[in-house]
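Hi everyone, thanks for making the time. I'd like to walk you through one structure this morning, so please have a look at the screen and keep it in view while I talk.

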Amino acid sequence: MTAKIKLNAASGGGSFSLQAPSSSANNRVMTLPDSADGTVLTTTNPKSKSVIQTVNMVKTDSVSLAMTTSYQDISGFTISITPEFANSKIILAGSIVLESHSQYSFGKFVRNINGGSYSSPTGWLGDAAGSREQSQFGNNYRSPGSPDALTPSPMAIYAVDTDHNTTNTINYKLQYKNSQGDGTYYINFNRSHSDANNNTAPRSCSHLTLMEVAA
C-alpha cells in the first residue's frame with residue numbers, strides 16, 4: 001500500500017496530497033527552505049521569464065536570389081515552434097551571413113500561426129514615415145572592388161514576439177526585396193558575390209534560434 005498524506009482546505013476548498021513512490025527502492029526527500037515562503041512551480045505554472053523550450057536551425061548551404069520589388073522568401077530561412085503557453089514570449093535570435101550588390105534592399109521576418117496568412121509581428125517593423133520602406137533591417141552592401149566580400153550582417157537578429165496568443169504551431173520566415181527593379185541585383189547568403197571556386201571565396205553558415213519564455 002502506498003502511503004499518502006492528504007491536506008484539506010479549512011473552508012471547503014480543494015485538497016493537496018503528498019504520496020510516496022510506489023517502489024520501495026525509490027526513496028525521495030523534499031526539503032523546504034527555512035529562509036522564505038515560496039510557491040511550488042509545475043509544468044503548467046513555470047517561473048516567470050524562465051526558458052520553456054528552444055528550437056535551433058543552422059543553414060550551411062548557400063542561396064543566391066535575384067531580388068524583385070516585392071518581398072520574396074529566402075529558401076531555408078524558416079523556423080517553427082509550438083508554444084506551450086498562449087501568453088509566453090517567443091524570442092527570435094541568430095546571425096545571418098549575407099552580401100548584396102544592391103544598397104537599396106530591405107529584409108524582414110514574417111509569421112504565420114497554424115497555417116494562416118503571413119504578417120509581421122507587432123513591433124518588428126520601423127514606423128511608417130512618408131514613402132519610406134517599412135522593414136526590419138537592411139542589407140550588407142559589399143565593399144566596392146571586393147567581389148569576394150562576405151561578412152556577418154551588421155544586425156544581430158533579435159526580436160520578441162509578444163502577441164502570438166496561441167499554442168498552435170508558429171512559423172517564421174525571412175523575406176527580402178529591393179527598390180531598384182526586378183532581377184537587376186542579387187542578394188547572396190553564406191557565399192560571396194563572385195563565388196569563385198578558389199581559396200579567396202568563402203562559404204559560411206547562418207543560424208536561427210527560437211526561445212519560448214514564460215510570461
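One definition before the tour: when I say contact, I mean heavy atoms within 4.5 Å. With that in hand, take the contacts in the protein chain between residues at least 6 apart in sequence: 78% of them join residues at least 24 apart. Please also bear in mind that this is a predicted model.

Let's start with the overall make-up. How many helices and strands does the protein chain have? The count is zero helices and 13 strands, so to speak a run of β after β when you read along the sequence. The protein chain has 215 residues, and 33% of them count as buried. Its accessible surface comes to about 12,900 Å², with 48% of that belonging to carbon and sulfur atoms.

Now for the inside. In soluble globular proteins, nonpolar side chains tend to be buried together. Here, the largest nonpolar core holds 25 residues, and the ones touching the most other members are Ile 96, Phe 109, Leu 174, Phe 189 and Leu 208. Which strands supply at least two residues each to this core? They are strand 4 (63-66), strand 5 (72-81), strand 6 (89-95), strand 10 (157-161), strand 11 (170-178), strand 12 (186-189) and strand 13 (206-213). Keep those in mind, as several of them come back in the sheets.

On to the sheets, then. As a reminder, strands of a sheet pair through backbone hydrogen bonds, either parallel or antiparallel. One open sheet has four strands in the order 3-13-6-10, and the pairing is antiparallel. Its edges are strand 3 (51-59) and strand 10; each has a single partner strand, so one side of each is left without a neighbour in the sheet. From one strand to the next, the twist averages 15 degrees. Within this sheet, strand 6 and strand 13 are antiparallel partners over seven bridges. If you want a spot to click on, Gly 94 stands opposite Leu 208 in strand 13, and Leu 208 is one of the core residues I listed a moment ago.

There is also an open sheet of three strands, ordered 5-11-8, again with antiparallel pairing. Here strand 5 and strand 8 (105-113) are at the edges with a single partner strand each, so one side of each lacks a neighbour in the sheet. The twist in this sheet averages 20 degrees from one strand to the next. Strand 8 and strand 11 run antiparallel and are joined by nine bridges. Lys 108 has Gln 175 in strand 11 as its bridge partner.

Next, look at strand 12, which pairs with two strands I can point to. Four bridges join strand 12 to strand 4 in an antiparallel arrangement, and there Ala 66 stands opposite Tyr 186. Strand 12 also pairs with strand 7 (residues 97-100), antiparallel too, over three bridges. In that pairing, Ser 100 has Ile 187 as its bridge partner.

Let me zoom in on a single residue, His 164, in the loop between strand 10 and strand 11. Is His 164 buried or exposed? His 164 has a relative accessible area of 4%, and because buried means under 20%, His 164 counts as buried. What does the side chain of His 164 reach? One target is the backbone oxygen of Ser 88, at 2.7 Å. Another is the backbone nitrogen of Thr 166, at 3.2 Å. Leaving out residues up to four places away in sequence, His 164 touches Pro 83, Phe 85, Ala 86, Ser 88, Ile 90, Arg 111, Ile 113 and Ile 170.

Last stop, for those of you who enjoy backbone torsions: the loop between strand 12 and strand 13, home to Asn 190 and Asp 195. Phi of Asn 190 is near 65 degrees, a positive value in a residue other than glycine. Asp 195 has a positive phi as well, about 50 degrees, and it is not a glycine either. Where they part ways is in accessibility: Asn 190 is buried at 0% relative accessible area, whereas Asp 195 counts as partly exposed at 24%.

That's my tour, and I'm happy to rotate the model for anyone who wants another look.

Technical notes:
Residues numbered from 1 in each chain as written. Predicted model: local features only at pLDDT ≥ 70, side-chain atom pairs only at ≥ 80, totals over all residues. Heavy atoms only, no water. Buried < 20%, exposed > 50% of the residue type's maximum accessible area, 1.4 Å probe, protein only. Areas by Shrake-Rupley, 256 points an atom, 1.4 Å probe, with all protein chains shown as cover. Core = buried A, V, L, I, M, F, W, Y, C linked by side-chain atoms within 4.5 Å. Polar contact = N/O pair within 3.5 Å; in protein donor to acceptor, adjacent residues only side chain to side chain. Pairing = 2+ DSSP bridges. Axes fitted to C-alpha atoms, helices over the stretch in contact; angles between N-to-C directions.
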